[in-house]
Amino acid sequence: MPEKPYAIVIEDDPKLSAIFQKAIQGAGFDVAVDLNGDKYPSLLDAAEPALVILDLHLPYASGADILPIVRERYPNTVIAIVTADLYQAKSLPALADHVLVKPVSMARLLKIAEAAKETV
């Protein structure tokens, strides 16, 4: 049986990160979660992610700072920014593949996850 694609959810809202995790696992991914923005370096070291869901506002890091790190290290990873801040979201699309505005559409998230599996 082939290995599942790997996804990382970096989201500080515990309920929302759990919803993202469950949805992406249901789409066939192994999912790691960083609730504070302080674990992502080790999660990036674990394996190349096919998908990263990245909140912009985190307790220990800025998603805007994490975004170029992920993009440089893994240029083929699908990155979806999650934010309620429309102004900041509009400034980052050059590095992100998708911008999901809160409240996030689960149908759109699952479409992104399915497309990300194709990049693996």
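## Starting near the front of the chain

Where does Glu3 lie relative to strand 1? In this predicted model, Glu3 sits in the segment before strand 1, which covers residues 6-10. With a relative accessible area of 75%, Glu3 is exposed, because the cut-off for that label is over 50%.

Glu3 also gives us a handy link to helix 5. Its partner for this comparison is Ala113: the two are 110 residues apart in sequence, and their C-alpha atoms are 16 Å apart in space.

## Helix 5 and its two faces

Helix 5 takes in residues 106-117. Here is a quick check on its geometry: at 1.5 Å a residue, its 12 residues should span 16 Å, and the C-alpha atoms at its ends are 17 Å apart, which agrees.

Which residues of helix 5 are buried? They are Leu109, Ile112, Ala113 and Ala116. These residues cover an arc of only 100° around the axis, so they lie on the same side of helix 5. A general point helps here: an α-helix has 3.6 residues a turn, so residues three or four places apart point the same way. On the face turned away from the buried side, helix 5 carries the exposed residues Ala107 and Lys111.

## What covers helix 5

The cover over the buried residues of helix 5 includes helix 1 (14-26), together with strand 3 (51-55), strand 4 (78-83) and strand 5 (98-101).

Let us look at the helix in that list. Helix 1 packs against helix 5 at an angle of about 50°, and their axes are 10 Å apart. That angle makes helix 1 oblique to helix 5. Their crossing is right-handed. On the helix 1 side, the contact is made by Ile19, Phe20, Ala23 and Ile24; helix 5 contributes Met106, Leu109 and Leu110. Leu109 thus appears both among the buried residues of helix 5 and in the contact with helix 1.

## A cis peptide bond before helix 5

Which residues does a cis peptide bond join? The bond links Lys102 and Pro103, with omega at about 0°. Pro103 is found in the loop between strand 5 and helix 5.

## Tyr40 and its contacts

Our last stop is helix 2, residues 40-46, where Tyr40 lies. Is Tyr40 buried or exposed? Tyr40 counts as buried because its relative accessibility is 14%, and the cut-off is under 20%.

Leaving aside residues up to four places away in sequence, Tyr40 touches Ile10, Asp34, Ala61, Ile66 and Ile69. Take Ile66 from that list: Tyr40 and Ile66 are 26 residues apart in sequence, with their C-alpha atoms 8.4 Å apart in space.

How values were computed. Residues are numbered from 1 along each chain as its sequence is written. This is a predicted model: local features need pLDDT of at least 70, side-chain atom pairs count only at pLDDT 80 or more; totals for chains, interfaces and linings use all residues. Side-chain values use heavy atoms; hydrogens and water are left out. Helices (H or I, at least four residues) and strands (E, at least two) are DSSP runs, numbered from the N terminus. Buried means under 20% relative accessible area, exposed over 50%, partly exposed in between (1.4 Å probe, protein chains only). The expected span of a helix is 1.5 Å times one less than its number of residues. The arc is that of the directions from the helix axis to the C-beta atoms. Contact means heavy atoms within 4.5 Å. Axes are lines fitted to C-alpha atoms, for helices over the stretch in contact, and angles run from 0 to 180 degrees between N-to-C directions. Angles under 35 degrees count as roughly parallel, over 145 as roughly antiparallel, 65 to 115 as roughly perpendicular and the rest as oblique. A crossing is left-handed if the near helix is turned anticlockwise from the far one by less than a right angle, and right-handed if clockwise.
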